[in-house]
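Me: I am new to this structure. Walk me through it, and tell me how each label is earned.

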Amino acid sequence: MIVLKVVLASKDREYISAWLDFAQGGSAGSGLRFTAFSQWEPFREHMHGQGEREIPDLVIAEPELLNAWLSSGGDTSGIPWLMLSEGNDEVQEDKQLMKYQPLPSLLDAVMNACRQPRRKKAHRPGQDTLSIGVISASGGSGKTAVALHMAKQLGLAGYAVLYLNLETLDSTQPFLEKGLTRGLQRQPDAEKGLSRLLYDLKVSRKETGKAVQSQSPSKGVDHYVLRHEGLKSDVFWPLSNRKELLQMSKEDTANLIQYLIQCGQYDVIILDGDSGWDGRSEGIIETADTFVWLVEDELAAMHRWGQWIQYAERVKPNWIDSVMDRARFVVNKYRDSVVNATPRPDLHLDAVLPYIPSWRQISQEEVLLSSPIFQREVKRLCALLIQNGEEELTQTGRIHQGMGGR
């Protein structure tokens, strides 16, 4: 487990005690190690007296202490920092941490702001990139929310992650727009990145007469993607021309995914497409290494799940077994127990993700990406997919005995 080192500096000792008691008293802060100071001199000596091994991953400090450290060399140290503010300080929004807010929200902000160490790959020995498709037989199952959370949690864990949305109507922009806009300021041509990559791949195929080759249209994807700091992942700016997506065939989709894998820049690629039988969805299903297959605990959703599999068995009998072998079936919007039985006795649920009522009134991207309960369960799901361990299987979602399909 990677433990992130955080320095907290505040003259309010009671505030420090409350923060440390919460962080050390439960699993929420298990990935963080805090060192706290209430006076300038010990804080200064700690920050300037440590070797490379002890450099913190984040500094959080009140304005007086933070500004003193920044002016004495902290601004050139490369250490991320947040100003612990009561709302009256002149500091850019992404550098401000409101002092008085629920402690789970504070810890979540800390995790997002920490410098993330790169972790060695732990998945599928011999393979450099793991592609994970998030699919469903039903629209409205929360597919995109789950995919975004998976990208974020894997990014926080130190993996290099690319989130690829291939929905006909991309639903991510309202939640990711702020981060996308910041990234666009650094890469003014990135808004057309996915369009350009799709075009370059088609040109490359026409020139070679074959599918994606090792001689790729560029050396990587840096000129096509944006870094989204809130998501801790690279993303493509959503396509504005729907025709480009509608015209994507299964082969186009598979070639795109294979190219992104062959570039070797990512540990994990999260694939998010439509619920249906279009070429993009089939390309994701045929190409992805593994799936999170979302279902909802309602009669109609269970029926559609069964109908999807029945149709696939009839039209692609040699294909469906491979899909089933790679799929993890996950109930999203879970509420205490699963009432409806799975559509067939050979279909079993692997995990559950909780229902979050507050998401019905989302007005800011941070709300969607910052539910501690949902993050915890998605983190366990990611461990199941990456590590494929029996211990994680028993922990993921804490499925109750006697659930439908068991």
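**Labels and their reasons**

Reply: Start with confidence, since this is a predicted model. Among the elements of the protein chain, helix α15 (residues 390-395) has the lowest mean pLDDT, 38, and strand β10 (residues 268-272) has the highest, 95. For the protein chain the mean pLDDT is 79, and 78% of its residues reach 70 or more.

Me: How do you know that residues 389-406 have low confidence?

Reply: The pLDDT there is below 50, on a scale from 0 to 100. The model still gives this stretch 41 contacts beyond near neighbours in sequence. Residues 117-126 also stay under 50, with 24 contacts beyond four places in sequence. Where pLDDT is low, predicted coordinates should not be read in detail.

Me: Why is α11 called oblique to α12?

Reply: Helix α11 (residues 299-315) and helix α12 (residues 317-326) pack at about 135°. Angles over 145 count as roughly antiparallel, and 65 to 115 as roughly perpendicular. The angle of about 135° fits neither range, so α11 is oblique to α12. Their axes are 5 Å apart.

Me: What makes up the contact of α11 with α12?

Reply: From α11, the residues include Trp-308, Ile-309 and Ala-312. From α12 come Pro-317, Trp-319, Ile-320 and Met-324. The contact residues divide into 8 nonpolar, no polar and 2 charged.

Me: Which residues line the second largest cavity?

Reply: The lining is Ile-135, Ser-136, Asp-274, Ser-275, Gly-276, Ser-281, Ile-285 and Trp-308. They divide into 3 nonpolar, 4 polar and 1 charged. Gly counts as polar, so Gly-276 belongs with the polar residues. This cavity holds about 40 Å³ of space.

Notes. Residues are numbered from 1 along each chain as its sequence is written. This is a predicted model: local features need pLDDT of at least 70, side-chain atom pairs count only at pLDDT 80 or more; totals for chains, interfaces and linings use all residues. Side-chain values use heavy atoms; hydrogens and water are left out. Axes are lines fitted to C-alpha atoms, for helices over the stretch in contact, and angles run from 0 to 180 degrees between N-to-C directions. Helices (H or I, at least four residues) and strands (E, at least two) are DSSP runs, numbered from the N terminus. Angles under 35 degrees count as roughly parallel, over 145 as roughly antiparallel, 65 to 115 as roughly perpendicular and the rest as oblique. Contact means heavy atoms within 4.5 Å. pLDDT is the predictor's confidence in each residue, from 0 to 100. On a 1 Å grid over the protein atoms alone, a cavity is a set of points where a 1.4 Å probe fits but cannot get out, and a pocket is an open set with protein on both sides within 12 Å along at least five of seven lines; lining residues have an atom within 4 Å of a point. Grid points are joined across faces, edges and corners, and a volume is the space filled by probe spheres set on the points.
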